[in-house]
Amino acid sequence: MKSATAFIGVGSNLGDRLAFCRQAVALLRADASIELKAVSPLYETAPVDFIEQGRFYNAVLKIGTVLLPEILLEHCQEIEQRLGKNILRPKGPRTLDLDLLFYEKNIFQTEHLTLPHPEVENRAFVLLPLSTLAPDLLHPSLFLSIQALCARLSESQQKGVQKYLETGWEKDEGSMGCFK
Ligand code: AMP
């Protein structure tokens, strides 16, 4: 089967945020049906929507996969559960959040999955990391590039997203023991 390109958003604001993000990347990489193609820098970001919570670490991953979108989401949700995703309230703190941002040019909505992710164009913590991997990627329903969507962000949205670690942050052999 031909491999499809997809982008996944990673976020954590509970516990050892860096370890959770690294473990998420390692578990995706260990999945035989997923090829990790690129990892954005890691950003520290201000919470949005529910702002009475800790700051997040966020990054975006580019993958190739033979999994269909719904199955890819299930794989992501298994990783969230494995790393103890424990949501106390909607949009509240979480050890790990994996969002399927784009899957090729797919546009659809089912009970469990909306593609592209419906908040992509509003979230600086997604757009800024994504722009480091795919600035010219076109949002398939808005017909705007990621770069163009970034340019629409307000100054305060952009200020809330600060680069914390350069590309390569995910390579940490030491954190592997946590989920072996
Ligand atoms: P959250 O905990 O805020 O990440 O929301 C997770 C819920 O959103 C799950 O019930 C998913 O089935 C649903 N969902 C719908 N579309 C997506 C998507 N593109 N990526 C991740 N979760 C999604």
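**The ligand and its pocket**

Let me begin with one contact: in this predicted model, an oxygen atom of the ligand lies 3.4 Å from an N or O atom in the side chain of D99, which counts as a polar contact, meaning a pair of N or O atoms within 3.5 Å, where within protein one must be able to donate a hydrogen and the other to accept it, and residues adjacent in sequence count only if both atoms are side-chain atoms. The backbone takes part as well, since a polar backbone atom of H112 is 2.5 Å from an oxygen atom of the ligand, and a nitrogen atom of the ligand has a backbone N or O atom of T114 at 2.9 Å. On its own the ligand has 490 Å² of accessible area, and the protein covers 67% of this, with areas taken from the Shrake-Rupley method with a 1.4 Å probe.

A word on how to read these values. Residues are numbered from 1 along each chain as its sequence is written, and side-chain values use heavy atoms, with hydrogens and water left out. Because the model is predicted, local features need pLDDT of at least 70 and side-chain atom pairs count only at pLDDT 80 or more, while totals for chains, interfaces and linings use all residues.

Which residues, then, come nearest to the ligand? Of the twelve around the ligand, they are K85, D97, L100, H112 and T114, where being near means having a heavy atom within 4 Å. This shell divides into four nonpolar, four polar and four charged residues, and β5 gives the most to the shell, with three residues. Helices (H or I, at least four residues) and strands (E, at least two) are DSSP runs, numbered from the N terminus.

The space taken by the ligand is the largest pocket. A pocket here is an open set of points on a 1 Å grid over the protein atoms alone, where a 1.4 Å probe fits, with protein on both sides within 12 Å along at least five of seven lines, and its lining residues have an atom within 4 Å of a point. The largest pocket is lined by 34 residues, of which R94, D97, D99, H117 and R123 lie nearest its centre. To that lining β5 gives the most, with five residues.

Finally, two backbone details. L115 and P116 are joined by a cis peptide bond, with omega about -10 degrees, and P116 is found in the loop between β7 (114-115) and α3. D49, although not a glycine, has a positive phi of about 65 degrees, and its place is in the loop between β3 (42-45) and β4.

Key
Sits in = over half its atoms within 2 Å of the grid points. Nonpolar A, V, L, I, M, F, W, Y, C, P; charged D, E, K, R; others polar.
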